[in-house]
Amino acid sequence: MPPMPNKSLSSLFIQMTGWLLPAQCWLCRAAHRHTQFVCAKCIATLPRNVEACSHCAAPISTSLNAPPRGSRRDCLPRYCASCLKQSPHIERTVAPFLMRDSFRELLHAWKFDNRPQLSPFLAGLFRDATTNEMGIHVTTNKKPLLIPVPTQWHRQIWRGFDHTWLLAQALKHAIRPDAELQPWLSNTRARQSHHRLSRAARWAHSEGRFVGDYRIQGREVVLIDDVMTTGATVSSAALACHLAGAKSVCVWCLARTPAPPSAG
Ligand SMILES: [Zn+2]
Ligand SMILES: [Zn+2]
């Protein structure tokens, strides 16, 4: 008797239904024989954050300080005007997509339409975009400590799941199964939701927002978040990690807001 393939029955079932029944793409609604939620054509056209600041992943113009694509200097770090003025608490931010158009639609389906099952798919998009297409090395030699940026408890209840925790779990599985995943950041106090705040107000509200666990000391931390808008929340989380003694802090984030947003 031949050995059973090393797959769980559920993943085998999903693959078999993908072969037999066409699925409908969540974005363009076209039928496709793909085991993913989104067809290959839509995945290829998701908006990418190609030219980005090495510190904060803010999109930067190629006409400023970015060398031409494909040149030797192309792999060197580049920085936005804000980070050139004042270096943030973050060593490196990887945010391969832009929060607009089809990617915004996908994120909203995940976060606001109660679709936690999209978490592994989004982690797979992150992995493929960072390792295959953009040449960004998201791996380090040492075992990293993954910490999701905590979300407010009342938003978790309203949403039905903790989206940054699920994303961190999926990224660990997809990229670094050896990484340690811990909830070692906590909110110091209940805060007003950032959705309706201006950019300046977001920075003011984020100051001193998090406290890091003492076990962060000496560790190489990777903060996990879904979207960076102004960077205020992640910067505050990174500062808390440094105050707790982190050796370094990097950020893995799915998407970056492309331009100064109108609502902050
Ligand atoms: Zn599609
Ligand atoms: Zn920057």
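Me: Which residue in β10 is the bridge partner of Leu-98?

Reply: Happy to help! In this predicted model, Leu-98 has Arg-256 of β10 as its bridge partner.

Me: What makes β4 and β10 a strand pair?

Reply: Two strands pair if at least two bridges are found between them. Strand β4 (residues 97-98) and β10 have two bridges, in the parallel sense, so they count as a pair.

Me: How do you know that β3 and β10 pair?

Reply: By the same reasoning: at least two bridges are needed, and β3 (residues 92-94) has three with β10, again parallel. In one of them, Arg-92 is matched with Cys-250.

Me: And why is β9 said to pair with β10?

Reply: Eight bridges link β9 (residues 220-228) and β10 in the parallel sense, and because the requirement is at least two, the two strands pair. Val-221, for instance, has Val-249 as its partner in β10.

Me: Why is the crossover from β9 to β10 called right-handed?

Reply: The chain goes from β9 through helix α9 (residues 232-243) to β10. With the strands pointing away from the viewer, a clockwise path over the helix is called right-handed, and this β-α-β crossover is of that kind.

Me: What makes β10 mostly covered?

Reply: A residue is buried if 20 or more other C-beta atoms lie within 10 Å of its own. Seven of the nine residues in β10 (residues 248-256) are buried, so the strand is described as mostly covered. For the protein chain, 35% of the 264 residues count as buried.

How values were computed
Residues are numbered from 1 along each chain as its sequence is written. Chains are lettered from A and ligands numbered from 1 in the order in which they are written. This is a predicted model: local features need pLDDT of at least 70, side-chain atom pairs count only at pLDDT 80 or more; totals for chains, interfaces and linings use all residues. A residue is buried if 20 or more other C-beta atoms lie within 10 Å of its own, exposed if 12 or fewer, and partly exposed in between; C-beta atoms are placed from the backbone. Helices (H or I, at least four residues) and strands (E, at least two) are DSSP runs, numbered from the N terminus.
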